[in-house]
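Reader: I'd love a close look at one part of this model, the metal and ligand site. Could you walk me through it?

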Amino acid sequence: MPTLNDIRSTFLSYFAKQGHEVVPSSPLVPRNDPTLMFANSGMVQFKNLFTGVEHRDYKRATTAQKCVRAGGKHNDLDNVGYTARHHTFFEMLGNFSFGDYFKSEAIPFAWELLTKDFDIPKDRLLVTVYHTDDEAANIWKKVAGLSDDRIIRIPTNDNFWMMGPTGPCGPCTEIFFDHGDHIWGGPPGSPEEDGDRFVEIWNLVFMQYEQFEDGTRRELAAQSIDTGMGIERVAALLQGTNDNYATDLIRSLIEASAHVTSTDPDGPGKTHHRVIADHLRSTSFLIADGVMPSNDGRGYVLRRIMRRAMRHAHLLGAKDPVMHQLVPALVRQMGAAYPELTRAQALIEETLRLEESRFKQTLDRGLRLLDDELSHLPDGAALPGAAAFKLYDTYGFPLDLTQDALREKGRAVDTEGFDSAMAEQKAKARAAWSGSGEAADATIWFDIADTHGATDFLGYDTETAEGQV
Ligand code: ATP
Ligand code: MG
Ligand code: MG
Ligand code: MG
């Protein structure tokens, strides 16, 4: 059974043999793109090659790219602990053609790798194409011998990728694996597609057109390929499970979490361990790439993920900080492929330890306040915004942490009430300032805080390149 580390090597060497340059992952904090919060697909580091702004001495590349999807357009934070196939941090394996090969080579590459090198049974695979992309459908038919009912035509934007409102765009084809009818879920395009039975493993984007401001499109002179495959999903199917969290690498983190909390990895705290294992990876890799917990921007996303994990550790009964104790297990698994993780190990441990010891001071009291509030509410009623705001303001509970806590109980937060409590507090702060006689200057600062403030930061929601749709 191949390990996750084996799968990465197999993928990269397959494409190296096909003339691709093996390029290292770019950092999670995009260098040239302030509009994008974190690298969330393999194409991010190659954006300028696709638009033709930049040229390199290779026309084919392959990568294992670190990705975080915990904010902005792609936000999988709320999926963690609920689906078997989403992480906040994952690795995306990809092959890229910069005006070199196109569909008629990209599809056979993918098929050969999956069915020969990875030896996946053909009858478990099916694909989607954009509904008008007869070319891709015909290639699939010819190369893979897939019957028409296994080439599903999708008319939505799920199968049409655009870099932004203008620029390169084109149809995609997604490859799915069927885990079998013992798992709930339906094929893509069906009402049950959100289940874990049919899992999307690989997305191939055909950059075929250029879109102009007036909405017209023209065929690109240099047509390109951008693909992304989730390594953890492939590891799951190659290791005979539908659950990413049961694969070798993530399972070892779950076991480490069970060990330091002296709990059963598969007992009632199972979901907590899954969340902790996932959040350990995203927080550690973010810190390794220079993000530090703070009250705004990227640092606030990091803080939110850390604190969510810490609540789960607390619910497992952990008395002392635990997250930092798990870092060695992660470094053992991933330090060879990502040396930056090993280099930053001490910093990661110290940052996690400090944040967790600080947050522990208010976490317990905050959770008790939450329970108390809930005990006074009618069944199923939403938590009043004022209470969520108090948790935020006094106990350091990011709103999404409170929502995460309530979701388990089938409840929500009155977010409008939360927003107005926040607005009220800002207004009070403003009023206090205007009394100081410096109103004119202070107003400017409050306006800046309103637009860029920590508290209501939603991520750099952007329409620009975010990889595969
Ligand atoms: P899904 O529809 O399952 O959310 P996606 O269409 O959003 O996936 P893409 O943007 O196409 O994903 O990314 C390419 C590949 O990366 C996917 O085919 C999948 O294998 C993997 N992937 C995407 N999001 C995640 C995630 N949150 N955790 C693990 N793997 C992921
Ligand atoms: Mg998605
Ligand atoms: Mg998808
Ligand atoms: Mg996709």
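Reader: To start with, how far apart are the magnesium ion (ligand 4) and the magnesium ion (ligand 3), and which residue coordinates both?

Author: Happy to, and please keep in mind that this is a predicted model. The two magnesium ions, ligand 4 and ligand 3, are 3.2 Å apart, and the residue that coordinates both is E200.

Let's stay with ligand 4 for a moment. Its protein donors are E174 and E200, each through OE, and N203 through ND2, at 2.1 to 2.4 Å from the ion. Along the chain these donors follow the spacing E-x25-E-x2-N. Two of them can also be described by their burial. E200 has a relative accessibility of 24%, so it counts as partly exposed. N203 has a relative accessibility of 2%, so it counts as buried. The cut-off for that word is under 20% relative accessible area.

E200 and N203 also lead us to ligand 1. Around ligand 1 there are 17 residues, and those that come nearest are R69, D76, H86, E200 and N203. E200 therefore appears in two settings here: it coordinates both magnesium ions, and it is among the residues that come nearest to ligand 1. N203 is likewise a donor of ligand 4, while an N or O atom in the N203 side chain is 2.6 Å from an oxygen atom of ligand 1.

Other parts of the protein reach ligand 1 as well. R69 places a polar side-chain atom 2.9 Å from one of the ligand's oxygen atoms. H87 takes part through its backbone, with an N or O atom 3.0 Å from a nitrogen atom of ligand 1. On its own, ligand 1 has 580 Å² of accessible area, and the protein covers 90% of that.

Which elements build this shell? Those that give two or more residues are β3 (89-97), β8 (198-211) and β9 (217-230). β8 supplies the largest share, four residues. Sorted by class, the shell holds five nonpolar, six polar and six charged residues.

Just before β3 in the chain there is another residue worth a visit. T88 sits in the loop between β2 (60-68) and β3. With a relative accessible area of 0%, T88 is buried. Its side chain has polar partners: the side chain of D278 makes a polar contact with that of T88 at 2.6 Å, and the side chains of T88 and S282 are joined by a polar contact of 2.9 Å.

While you have the model open, you may like to check the cysteines too. The count of disulfides comes to zero. For C67, the nearest cysteine sulfur belongs to C172 and is 16 Å away. C67 has 0% relative accessibility and so counts as buried. For C172, the nearest cysteine sulfur is that of C169, 10 Å away. C172 also counts as buried, with a relative accessibility of 0%.

To return to your question, E200 is the residue to center your view on: it coordinates both ligand 4 and ligand 3. From there you can turn to N203, a donor of ligand 4, and follow its side chain to the oxygen atom of ligand 1 that lies 2.6 Å away.

How values were computed: Residues numbered from 1 in each chain as written. Chains lettered and ligands numbered in written order. Predicted model: local features only at pLDDT ≥ 70, side-chain atom pairs only at ≥ 80, totals over all residues. Heavy atoms only, no water. Donors = N, O, S within 2.8 Å, 3.2 Å for Na, K, Ca; no water. Buried < 20%, exposed > 50% of the residue type's maximum accessible area, 1.4 Å probe, protein only. Near = heavy atom within 4 Å. Polar contact = N/O pair within 3.5 Å; in protein donor to acceptor, adjacent residues only side chain to side chain. Areas by Shrake-Rupley, 256 points an atom, 1.4 Å probe, with all protein chains shown as cover. Nonpolar A, V, L, I, M, F, W, Y, C, P; charged D, E, K, R; others polar. Disulfide = S-S within 2.5 Å.
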